[in-house]
Each structure stands twice: as C-alpha cells, then as structure tokens.
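Thanks for making the time this morning. I would like to walk through one model with you, going from the overall fold down to a few individual residues, and I will try to keep each statement tied to what the coordinates give.

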Amino acid sequence: MVESEFSGKNEKERQTLWIVLGLNLAIAAGFFATGAIGDSSALIANGLDNTSDSLVYGISLLALSRSSKWKRGAANVSGGLLLIFAVGILIDAWRRYVGGSEPLGTLMIAMSLIAAVVNLACIWLLGRLKEPDVNIRAANTFSLNDFASNGGILIAGGLVWWLGSNWPDLVVGVAVAGIAAWGGIGILRDAHDEHHKAVHNHQPE
C-alpha cells in the first residue's frame, strides 16, 4: 500500500514536471525571439533563465525515482547552473552597455505579461504537489524567480517606452542575474541542509 502511494506520488510529480518543462521551453523560445527583435537584454536574460530552468527540470525528472543522495546531487547541479546563468547575463548586459542597444518597450511589456501568466500556471501546478522533495522545491524556486523577473521586465518596458532610453532594460537584466544567483544559492543551501538531515537521522543514501 505504501509502495503504491509512493509510486503514484512519483508519477504525479513526473507528469507535473513534464508540463512545466514544456511551458518553460515555449516561454524561452518566446523570450529569445522577442529579445532578438526588440534588442532587449532583459528579454534575452529571461530566455536564458527559462532555458536553464528547463535543463534543471530535465535533471529533476531523472532524479525522481533515484536515491536521496542522487536527488541532492541533482539539486546541486541545478543551483550551480543558476549561478553560471547569472554570470552569463552580466556579461550580456555589459556588452549591451558598451555597444549600445535600442530595446522596444512595448514588446517587453507584452512578453512580460504572457510570461507572467505561464509562470503563475507553473507555480499553481507545482504548489499542488504534496511533500515536495528538494528538486521539486528547486523547481518552485525557479518559477517564483521567473515571476518576479516578469514584473521587472514589465516595469522596465514601461520606462523604456516612456523615457526612450535603454538603461531600464539593462538594470532589469542585471537584476534578473541577481535573482538567479540568489535562487541558486538558496537551492545549494537546501541541498546541503538535506544532506545534514540524512546524516543526522542515519537515512540510507
């Protein structure tokens, strides 16, 4: 009975992660397309963010039926990818600052609203899962970070449209990198805490 419930829990988590993975890939493609058309650091940053998230969801899917040690390892990879992504965004923002850019505020606003709806759906889907493991919690962190980033793009898009300047776009790009770095550190800390709990309780790895 317990084994059946565990299997059912894993299957529900697997289905949810596949849906969230698909939504993130679609949003990443949208961010890259609109970022290229709209010359926006913030949109490209979020495209890279969602691509990183998608890779992590794939890792989380592999980790579902694995041991606790494997799951903690997957979470560590997830956190590390977010930190790498943050560095990449900072490099892109610096390149646009030095070389100049002309972002389209209206396109930034439209894409941020679409992405916010999708990320809310992801948060709702992940929130329905009971007793989430470290990788599901990591996935929820990604979706919350993305939703916060969408709000930043919305504000930046309005300022770009109003002021006719690229600095709000660059500021949000850097802010997205900061949010990603903070989320990555949080995931690594969560995985570290899980390890200490397992050692303390003498749980099997």
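Of the 205 residues of the protein, 44% count as buried, and I should say at once that this is a predicted model. The protein has six helices and zero strands, so that, read from the N terminus on, its elements run α-α-α-α-α-α. If we take the contacts with a separation of 6 or more, 82% of them are accounted for by residues 24 or more positions apart.

Let me turn to the annotation before the details. The unreviewed UniProt entry carries the annotation "transmembrane region" for residues 16–37, 76–94, 106–126, 147–164 and 170–188. Taking two of those spans in the model, residues 76–94 are 100% helix and 0% strand, with the end C-alpha atoms 28 Å apart, while residues 147–164 are 94% helix and 0% strand, with the end C-alpha atoms 25 Å apart.

Now the interior. The largest nonpolar core has 37 residues, and those with the most contacts inside it are Leu17, Phe31, Tyr57, Met108, Leu126 and Ile153. The elements that give two or more residues to this core are H1, H2, H3, helix H4 (105–127), helix H5 (134–163) and helix H6 (167–201).

Helix H4 deserves a separate word. At 1.5 Å a residue, its 23 residues should span 33 Å, and the end C-alpha atoms are 32 Å apart, which agrees. Its buried residues include Gly105, Met108, Ser112, Asn119, Cys122 and Leu126. Leaving out residues up to four places away in sequence, Leu126 touches Thr16, Leu17 and Val20, and also Ile136, Ala139, Asn140 and Ser143.

What does Asp146, in helix H5, touch beyond its neighbours within four places in sequence? Asp146 is in contact with Asn24, Asn46, Asp49, Asn50, Asp53 and Asn119. With a relative accessible area of 1%, Asp146 is buried, because the limit for that class is under 20%.

A second aspartate, Asp92, lies in helix H3, which covers residues 68–99. Asp92 is buried too, with a relative accessible area of 11%, and its side chain makes a polar contact with the side chain of Arg95 at 3.0 Å. Not counting residues up to four places away in sequence, Asp92 touches Ser41 and Ile44.

Helix H3 also brings us to the aromatic residues. The structure holds one aromatic pair. The rings of Trp94 and Tyr97 have their centres 5.6 Å apart and their planes at 35°, so the pair is tilted. Trp94 and Tyr97 are three residues apart in helix H3, and are therefore separated by about one helical turn. As a reminder, an α-helix has 3.6 residues a turn, so residues three or four places apart point the same way. Trp94 is exposed, with a relative accessible area of 57%, and Tyr97 is exposed with a relative accessible area of 57% as well.

I will finish with the loops and one glycine. Is Pro103, in the loop between H3 and H4, buried or exposed? At 11% relative accessibility, Pro103 counts as buried. The C-alpha atoms of Pro103 and Val160 are separated by 7.3 Å, although the two residues are 57 residues apart along the chain. Val160 is also among the residues that Pro103 touches, together with Gly38, Asp39, Ser40, Met108, Asn166 and Asp169, once residues up to four places away in sequence are set aside.

One of those partners, Asp39, lies in the loop between helix H1 (2–38) and helix H2 (41–63). Phi of Asp39 is near 50°, a positive value in a residue other than glycine. For context, most residues other than glycine have a negative phi. Asp39 is partly exposed, with a relative accessible area of 26%.

Lastly, Gly58 is found in helix H2, and with a relative accessible area of 25% it is partly exposed. Gly58 and Trp18 are 40 residues apart along the chain, and their C-alpha atoms are separated by 8.2 Å.

Conventions. Residues are numbered from 1 along each chain as its sequence is written. This is a predicted model: local features need pLDDT of at least 70, side-chain atom pairs count only at pLDDT 80 or more; totals for chains, interfaces and linings use all residues. Side-chain values use heavy atoms; hydrogens and water are left out. Buried means under 20% relative accessible area, exposed over 50%, partly exposed in between (1.4 Å probe, protein chains only). A polar contact is a pair of N or O atoms within 3.5 Å; within protein, one must be able to donate a hydrogen and the other to accept it, and residues adjacent in sequence count only if both atoms are side-chain atoms. Contact means heavy atoms within 4.5 Å. UniProt positions are given in the numbering used here, feature names are shortened, and annotations may be inferred rather than shown by experiment. A nonpolar core is a set of buried Ala, Val, Leu, Ile, Met, Phe, Trp, Tyr and Cys residues joined through side-chain atoms within 4.5 Å. The expected span of a helix is 1.5 Å times one less than its number of residues. Rings of Phe, Tyr and Trp (its six-membered ring) pair if their centres lie within 6.5 Å; planes under 30 degrees apart count as stacked, over 60 as edge-to-face and the rest as tilted.
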